[in-house]
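Ready for some practice at reading a protein model? Work through each exercise with the sequence and structure in view, and then check your steps against the solution.

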Amino acid sequence: MPGTVKAFENFNVEEDCKELRASMKGLGTNEAKIINILGKRNLEQRLEISARYKTMFGKDLIGELKSELSSNFLRLCTNLLLTIPEFLAKEMKRAMKGGGTDEIALIEILVGLDNKGIQDLRHAYKLMFKNEVERDVVGETSGSFKKLAGSLLQGKRDESEEIDVQLAKEDAEELFNAGINRFGTDESRFNSILVSRSYRHLKMVFAEYKRIASEDIEKSIKTEMTGDIELGFLSVVKKIKNCPTYFAEELYKSMKGLGTDDDQLIRIIVWRSEIDLVEIKGAFQSLYAKSLSEFIKDDTSGDFRTLLLLIVG
């Protein structure tokens with residue numbers, strides 16, 4: 001799946017380092033130069049710039065940016081200089097800091113990663129914060145949501161392409177009997193099936209469920225569950241059904257109404273920029289009859305807006 005950020009063809013790491021150094025030297029900062037480099041280099045090239053900058057000038061590029069920039073623009077620039085596991089580990093930590101937990105961030109990250117992505121996240125988190133991410137998540141969440149997050153953090157989903165038609169029918173029946181076909185909901189059965197089965201298998205389960213229950217599984221989850229666990233299971237289902245649509249909806253939520261969830265906006269744009277942002281843009285346009293770029297223009301400002309728009313393309 002294509003991203004919007006590609007490798008810069010005439011890449012010259014030393015020239016980029018010199019340009020960045022010059023943009024932050026003396027009085028004032030040349031933000032346009034910083035935007036032009038960070039917004040037009042892919043992750044591999046940005047990481048190379050970061051490493052070479054230290055070699056050439058004996059200073060940490062992220063540290064230099066922190067002394068020159070501020071607010072959302074600073075956060076966007078520095079996040080572009082992290083590997084994806086490092087960036088998502090940092091986001092997980094941020095989501096659990098202070099009073100209250102950002103469950104939207106936690107679940108979005110956990111449903112958006114495959115098994116290898118989960119293992120890479122766990123490794124990065126341990127290196128960066130000297131603690132197991134699972135321990136922190138379990139300590140910061142509760143109830144069925146805690147169980148769901150803990151299960152997703154195992155990174156043990158079946159990733160095969162095979163489908164067992166009979167098992168798909170049994171799973172659909174089990175979800176029906178664990179939810180709308182009984183008094184109260186057995187969330188553990190939802191957890192067991194939605195976290196362990198392959199995406200391809202679950203797409204068949206959802207189709208079979210609709211045949212049995214005469215309604216979409218998303219509607220059943222909304223009827224049967226509330227709060228964080230409703231958010232959690234809906235996120236799992238939506239991501240499995242259509243990944244670009246799921247992230248398009250999350251981007252819309254980050255910008256609709258008064259104020260913008262800048263953390264979520266930065267997270268999705270940076271994370272998906274080399275994975276599937278082209279498809280996400282297409283899904284966004286289809287859902288909201290307005291481009292993602294137009295939404296970003298209306299909801300952000302200054303250098304932050306300029307760099308976001310450059311990444312989105």
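**Exercise 1.** In this predicted model, find helix α17 and work out how many of its residues are buried.

*Solution.* Start by locating the helix: α17 covers residues 262–272. Next, count its residues, which gives 11. Now apply the cut-off: a residue is buried when its relative accessible area is under 20%. Nine residues of α17 pass this test, and the helix is mostly covered. Finally, name them: Q264, L265, I266, R267, I268, I269, V270, W271 and R272.

**Exercise 2.** Decide what kinds of secondary structure the protein has, and how its radius of gyration compares with the globule rule.

*Solution.* Count the elements: there are 20 helices and zero strands. Then take the radius of gyration, 21 Å, and set it beside the 20 Å that the globule rule gives for 313 residues. The two values are close, so the protein is as compact as a globular protein of that length. To picture the dimensions, note that the C-alpha trace spans about 70 × 45 × 40 Å along its principal axes. As a last step, look at burial across the chain: 48% of the 313 residues are buried.

**Exercise 3.** Is V13 buried or exposed, and which residues does V13 touch beyond its neighbours within four places in sequence?

*Solution.* First place V13 in helix α1, residues 13–23. Its relative accessibility is 8%; because buried means under 20%, V13 counts as buried. Now look for partners beyond the sequence neighbours: V13 is in contact with E48, I49 and R52. Take R52 as a check: V13 and R52 are 39 residues apart along the chain, yet 7.3 Å separates their C-alpha atoms.

**Exercise 4.** Find the residue whose side chain makes a polar contact with the side chain of S220.

*Solution.* Go to helix α14, residues 217–224, where S220 sits. With a relative accessible area of 1%, S220 is buried. List its contacts, setting aside neighbours within four places in sequence: I180, Y209 and E215. Of these, Y209 is the partner you want, with a side-chain to side-chain polar contact of 2.7 Å.

**Exercise 5.** Which residues form a nonpolar surface patch together with I163?

*Solution.* Begin in the loop between α10 (143–152) and α11 (165–178), where I163 lies. I163 is partly exposed, at 31% relative accessible area. Patch members need over 30%, and I163 meets that requirement. Its companions are V165 and M204, and together the three have about 210 Å² of accessible area.

Key: Residues numbered from 1 in each chain as written. Predicted model: local features only at pLDDT ≥ 70, side-chain atom pairs only at ≥ 80, totals over all residues. Heavy atoms only, no water. Patch = residues over 30% accessible without salt bridge, like charges linked within 9 Å, V, L, I, M, F, W, Y side chains within 5 Å. Areas by Shrake-Rupley, 256 points an atom, 1.4 Å probe, with all protein chains shown as cover. Salt bridge = Lys/Arg side-chain N within 4 Å of Asp/Glu carboxyl O. Helix = DSSP H or I, 4+ residues; strand = E, 2+ residues; numbered from the N terminus. Buried < 20%, exposed > 50% of the residue type's maximum accessible area, 1.4 Å probe, protein only. Rg over C-alpha atoms; globule rule 2.2 N^0.38 Å. Contact = heavy atoms within 4.5 Å. Polar contact = N/O pair within 3.5 Å; in protein donor to acceptor, adjacent residues only side chain to side chain.
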